[in-house]
Amino acid sequence: MRIPFGTITLTRTAKDLVMDCLDRGRVSGGTLVRRFEEKAASLIGVKETVAVSSGTDADTLALAVLHDFGAKRGDEVILPALSYVSTGHAVIHAGFTPVFVDIDPETLNIDVSRIEKAVTPKTRAIFAVHLMGKPADMDAIRDIGDRHGLAVIEDAAEAWGASYKGKNAGALGDMGAFSLYVAHIITTGDGGLVATDNEEYAEVLRSLRGHGRACACKTCVSTVSGGKCAKRFADPAVGDRRFHFQRIGYSSRMNDMEAALGLGTSELYDEIIAVRHRNLSACIQGFERFGEFFRTFREEAHERIGPHAFPFVIESGAPFTRDALLIHLTENGIDPRTLFTSIPTQCGGFEFLGHSLGDFPHSEHVGSNGLHIGVHQDITLDDVAYFIDVVDDFIRRY
Ligand SMILES: Cc1ncc(COP(=O)(O)O)c(C=O)c1O
C-alpha cells in the first residue's frame, strides 16, 4: 500500500516507559495513566480527563454519568444519524433511547435546524459528533441544550486538534469523548478518554470505569504501590470501600503500558497535527477540480478541522459507482474506507427502532456514496498528488 489508512508513531519515550512498566511489574493502571490524563487535559484545555479502554467506552461512560444527575433508563439522547456505528451503540450501552437526526450534507454533521423538533419531555442530552474532525455547530447546539435543560456531550473521537471559535473540540460541551485507537491522532493502541471541566462528572467517570465502585481517586494508592489507603475502611456504614458498588458500572480501565504509548505520541502532538492538516488541506484543494462529481467539506474561518481523514462523497448523477472507485483506489495502492452509515437505517442492530430507508436521506446518501482516506503523518505531499492523479485517471474513463 502506498497510502495506508492509518499509521502509528512510537517514540523512544513510549518504548522506554513500556519497558519500565515491564521491569517494575506494574502493568495495570497507575501513575502513567494519571500522567497521561494530565497531559491530555492540558492539550484539550480542560480541568480533567478520565482514561478508559476505547472511544466507544468514552462515549458510553460520558452518557452514563447522566444517571447520577437525574436521567432515567430509557430516556432519550439526540444524535446524528451519520456517524461511526459505535456512537449509536454507546447510547444503547448507557441505557438510553437514541433519537436520530439527519445531517447537513455540507458539513456531514448533525443538521441543527432539525434538533429542536426531536426534543421531547424524555430528552436528556444532545450527543454531537465532530465527524471527520469538523466541529459541529456548537453555538446552536449549546443554545438548544440550554433552553431545554439538556446536557451537551461531544463525540470528539475524530476531533483531536479541532477547534471552534478558538476553543478545542472536547472542551465545548459538558463532556467530550475521544478515541485513542491506532488510526487516531494520539493513540494508546486501543483506548479512549473523557474530557470535562466538571470535577463531579470526572469522579463519577472514575467510578464507572471500575465497575461503579465507591473508589474514585485520581490514582489508587493500593494499585500504584500496594500502600495503605486511608479512605478504604473509613466509613463503617460502607465497609470496604473498594468493594462497595454504587452504580451500574463498566469494566473499562486503561493500563500503564497503553498510557505509555499515549505519552509518547502526545510529545509530537503539534508536529503530527501540522503534517496531517497540511495533507488534509492539499486533498481539499486537489478535489476542487472534481466538484462536478464529489462533495467534500471545507474549513470555515471560525474553525480548525481536526485532521483525522479526508472525506469525499460521490454526487447523485455521477457516472460511476462507489464500489468501482473503491476498487480502483485499492488496486492503485490507496486504502480508503467507506464513510460510515446511517446508523438507524443502514445498520442491522438498530432495526428494532422501526425506522425505514428514506427517513434520513442525507445520511443514507453518504452511507452509500461516501469514502474517506487517511491524511496521517507518514503521507507526503507527493502521495497526495499521486492520490489526486489516481482519482483523475478514474474519472477520465467515464
Ligand atoms: C465518531 C466515532 N465515535 C466513536 C468511535 C469509537 O472509538 P473506538 O474505536 O476507540 O471504540 C469512533 C472510532 O473510530 C469514531 O470514529
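1. Ligand shell. In this predicted model, 15 residues surround the ligand, and those that come nearest are Ser54, Gly55, Thr56, Ala157 and Ser179. By class, the shell comprises eight polar, four nonpolar and three charged residues. Helices α3 (55–64) and α4 each contribute at least two residues to the shell; α3 provides the largest share, with three.

2. The sheet. Seven strands make up an open sheet of mixed pairing, ordered β1-β10-β9-β6-β5-β2-β4. The edge positions are taken by β1 (48–52) and β4 (97–101), each of which has a single partner strand, so one side of each lacks a neighbour in the sheet. From one strand to the next, the twist averages 25°.

3. Pairing of β9 and β10. Strands β9 (residues 175–179) and β10 (residues 192–196) are antiparallel and joined over four bridges. Ser179, one of the residues that come nearest to the ligand, has glycine 192 of β10 as its bridge partner.

4. Helices on the sheet. Helix α3 packs on the sheet and touches β1, β2 (76–80), β5 (123–129), β6 (151–155), β9 and β10, its direction making about 165° with that of β9. Helix α6 (residues 138–148) lies across β5 and β6 and runs at about 175° to β5.

5. Domains. The domain assignment divides the protein into domain 1 (12–267) and domain 2 (269–396), with centres separated by 27 Å. Their contact draws 31 residues from domain 1 and 29 residues from domain 2. On the side of domain 1 that touches domain 2, β3 (82–83), α4 (85–93) and β7 (163–164) each give two or more residues. That side has 18 nonpolar, nine polar and four charged residues.

How values were computed: Residues numbered from 1 in each chain as written. Predicted model: local features only at pLDDT ≥ 70, side-chain atom pairs only at ≥ 80, totals over all residues. Domains from an automatic or database assignment. Contact = placed C-beta atoms within 7 Å. Nonpolar A, V, L, I, M, F, W, Y, C, P; charged D, E, K, R; others polar. Near = placed C-beta within 6 Å. Pairing = 2+ DSSP bridges. Axes fitted to C-alpha atoms, helices over the stretch in contact; angles between N-to-C directions.
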